[in-house]
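Student: I have a model to go through. Can we take it by question and answer?
Tutor: Yes. Here it is.
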Protein chains: 2
Amino acid sequence: MLTSSSITGRQGAILLFVRAELLARSLEKAFASNGFQTMVVATEAALLTTMKETTPSLIIVERQQEQSPYIRQLRMSTTVPIVSLVVGEQPCPDDECLKDYEQEVDLVVASQTPRELVARVRAILRRCVPPVELAPRHYRAGNIRMDLDRHEVMVAGHTIELTPKEFKILQQFIEAPGRVFSRQEMLNRVWGEGYALEEHALDVHIHSLRQKMETNPAEPGLIVTVRGVGYKLRV
Amino acid sequence: MLTSSSITGRQGAILLFVRAELLARSLEKAFASNGFQTMVVATEAALLTTMKETTPSLIIVERQQEQSPYIRQLRMSTTVPIVSLVVGEQPCPDDECLKDYEQEVDLVVASQTPRELVARVRAILRRCVPPVELAPRHYRAGNIRMDLDRHEVMVAGHTIELTPKEFKILQQFIEAPGRVFSRQEMLNRVWGEGYALEEHALDVHIHSLRQKMETNPAEPGLIVTVRGVGYKLRV
DNA sequence: ACGCGGAGTTTACATGACGTTAATAATCAA
DNA sequence: TTGATTATTAACGTCATGTAAACTCCGCGT
């Protein structure tokens, strides 16, 4: 059952900036067993480039001496919660910790059991769940409108009900209007890569899509056949 | 970006639930000198009545043995951040602290310098001020009205009683009317991030919600299922 | 302490929608 | 016309969902 992952818009992972391999492993494991995904980086450079490419839901940084500069840089570049992790035996001197807080770090915490760290992280994330709906995702092509969040499709002004497969197929079409999709490519996109499936399984879904969308399903004007090649959405 | 200046302005006070007079004084002083107002209560009863009359911006609770019951009660009655303060010499045993976190306490912290406590509180408030202050406490969608402060729901003019879970679920729906929530996303939002939970648990609560809300629960017109995807509130 | 009751969770099962296959008809290109 | 490609339909198995009910857990009152 691969269905759940696609629509949920999976939360960003926890980004761990830790030098010690051993520590990284144990944290990674602790988070993984609590249902969190993690990414690990070991250098400042890697941290910053990772931040450019992905959006973690929280960052844990192993605290160092004189870390202010890049912590500030990090804080400026993202609003994601930052946890400063003090490793080693000697506790972080008070004024050092306070400096972190002044940099708007969300939590400075001494090395504890991984379980407790996970609990603290979870407590922070509870507060940071975005108030829903950052950017509504919807498409338009011709007189077809598709709202991915609402899972709604309108053709010529009135809503039509699509099954999950139909919806996904139409989504492929509308994301590249006019482009021809071979059966095999459509199968890969909708059913998943490497799914051996009778090619003509798609035909049936195309058919039912046409039944629901076309004004005259017998002479398709929206989803048109390109003989010998595949199907495309007429723009 | 997170602006620290506006936070200290006019804003609910910090509610301190501390028994020891001396400790109360010192905390009060520390917060006062950092621009926070405080209220102090010394008994559970006073805490709960104060909560009914005012809306603090954060609550600090001196941790006791076996505090779960009223912490839970507190957590259910408000969304304000709660800090569990461990006083005394012996550190809080691990699993005890974890219990607090499971009750959705925001931070469990051992007695430190007042300055550091203030810094930690400020870090939490940075995250929580926007929701507390500018999030509407009252929603309306169709003929559904929801008052978060009063914890009341009205459908078509008359009040219905919802359990805490039901209430939270409906809240997610009404904050983004029409948007489809996958089971997993709803679980994350209501039960908390990373809680592995049988997806089916949600169905049951949806069912009881329908029983209470729908005119004809057999044919849901308000909370509709989007097969293979999730549920949404029909607008 | 004990039991009661409500809330939440899990289990189990019936139902019906959905996806797939296969078989047949229609259409198009040589 | 003939073979290949596509359209259509029916049938069937699987899976998602709805629902009831049992069970656990916790708070509350006796």
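Student: Before the details, how do the residues of the surface near DNA strand C divide into nonpolar, polar and charged?
Tutor: Keep in mind that this is a predicted model. The surface near DNA strand C is made up of three polar residues, eight charged and ten nonpolar.

Student: Which residues come nearest to DNA strand C?
Tutor: There are 21 residues around the strand. Both chains appear among the nearest. They are A:Thr163, A:Lys165, B:Thr163, B:Lys165 and B:Glu198.

Student: Which elements give two or more residues to the surface near DNA strand C?
Tutor: Chain A supplies α7 (164-175) and α9 (201-213). From chain B come α6 (164-175) and α8 (200-213).

Student: What is the strand order in the open sheet of four strands in chain A?
Tutor: The pairing is antiparallel. At the edges sit β6 (138-141) and β9 (158-160) of chain A, each pairing on one side only. From one strand to the next, the twist averages 25°. The order is β6-β7-β8-β9.

Student: In β7(A), which residue stands opposite A:Ala141?
Tutor: β6(A) and β7(A) run antiparallel and share four bridges. Opposite A:Ala141 is A:Ile144.

Student: What angle does the direction of α7(A) make with that of β7(A)?
Tutor: α7(A) packs on the sheet. The helix touches β6, β7 and β8 of chain A. The angle is about 115°.

Student: What span should the twelve residues of α7(A) have, at 1.5 Å a residue?
Tutor: The rise is counted over one less than the number of residues. The end C-alpha atoms of α7(A) are 16 Å apart, which agrees with the expected span. That expected span is 16 Å.

Student: Which residues of α7(A) are buried?
Tutor: Buried here requires 20 or more other C-beta atoms within 10 Å. In α7(A) the buried residues are A:Glu166, A:Phe167, A:Lys168, A:Ile169, A:Leu170, A:Phe173 and A:Ile174.

Student: Why is strand β3 (58-62) of chain A largely enclosed by the rest of the structure?
Tutor: Take the two sides of the strand. A:Leu58, A:Ile60 and A:Glu62 point one way and are buried. A:Ile59 and A:Val61 point the other way and are buried as well. β3(A) is largely enclosed because its buried residues number five of five.

Student: Which residue is the bridge partner of A:Leu15 in β3(A)?
Tutor: Strand β1 (14-17) of chain A pairs with β3(A) in the parallel sense, over four bridges. The partner of A:Leu15 is A:Ile59.

Student: And which residue in β4(A) stands opposite A:Ile60?
Tutor: β3(A) and β4 (82-86) of chain A also have four bridges, in the parallel sense. Opposite A:Ile60 stands A:Val83.

Student: Now chain B. Which residues form the covered face of β7(B)?
Tutor: In a regular strand, side chains alternate between the two faces of the sheet. In β7(B), the uncovered face has B:Arg145 and B:Asp147. The covered face has B:Ile144 and B:Met146.

Student: In β7(B), what is the bridge partner of B:Tyr139?
Tutor: Strand β6 (138-141) of chain B and β7(B) are joined by four bridges and run antiparallel. They form a hairpin with two residues between them, and B:Gly142 in the turn has a positive phi of about 60°. The partner of B:Tyr139 is B:Met146.

Student: What is the bridge partner of B:Ile144 in β8(B)?
Tutor: β7(B) and β8(B) pair antiparallel over four bridges. Their hairpin has four residues between the strands. B:Ile144 has as its partner B:Val155.

Student: Is A:His151 buried or exposed?
Tutor: A:His151 is in the loop between β7 (144-147) and β8 (152-155) of chain A. Its phi is near 60°, a positive value in a residue other than glycine. A:His151 has 22 other C-beta atoms within 10 Å, so the residue is buried.

Student: How many other C-beta atoms lie within 10 Å of B:His151?
Tutor: B:His151 lies in the loop between β7 (144-147) and β8 (152-155) of chain B. Phi of B:His151 is also positive, near 60°. B:His151 is partly exposed, and the count is 14.

Student: Is B:Ala45 buried or exposed?
Tutor: B:Ala45 belongs to helix α2 (44-53) of chain B. Its C-alpha atom is separated by 20 Å from that of B:Gly12, 33 residues apart along the chain. B:Ala45 has 10 C-beta neighbours inside 10 Å, so the residue counts as exposed.

Terms used: Residues are numbered from 1 along each chain as its sequence is written. Chains are lettered from A and ligands numbered from 1 in the order in which they are written. This is a predicted model: local features need pLDDT of at least 70, side-chain atom pairs count only at pLDDT 80 or more; totals for chains, interfaces and linings use all residues. A residue is near a molecule or strand if its C-beta atom, placed from the backbone, lies within 6 Å of it. Ala, Val, Leu, Ile, Met, Phe, Trp, Tyr, Cys and Pro count as nonpolar, Asp, Glu, Lys and Arg as charged, and the others, Gly among them, as polar. A residue is buried if 20 or more other C-beta atoms lie within 10 Å of its own, exposed if 12 or fewer, and partly exposed in between; C-beta atoms are placed from the backbone. Two strands pair if DSSP finds at least two bridges between them. Axes are lines fitted to C-alpha atoms, for helices over the stretch in contact, and angles run from 0 to 180 degrees between N-to-C directions. Two residues are in contact if their C-beta atoms, placed from the backbone, lie within 7 Å.
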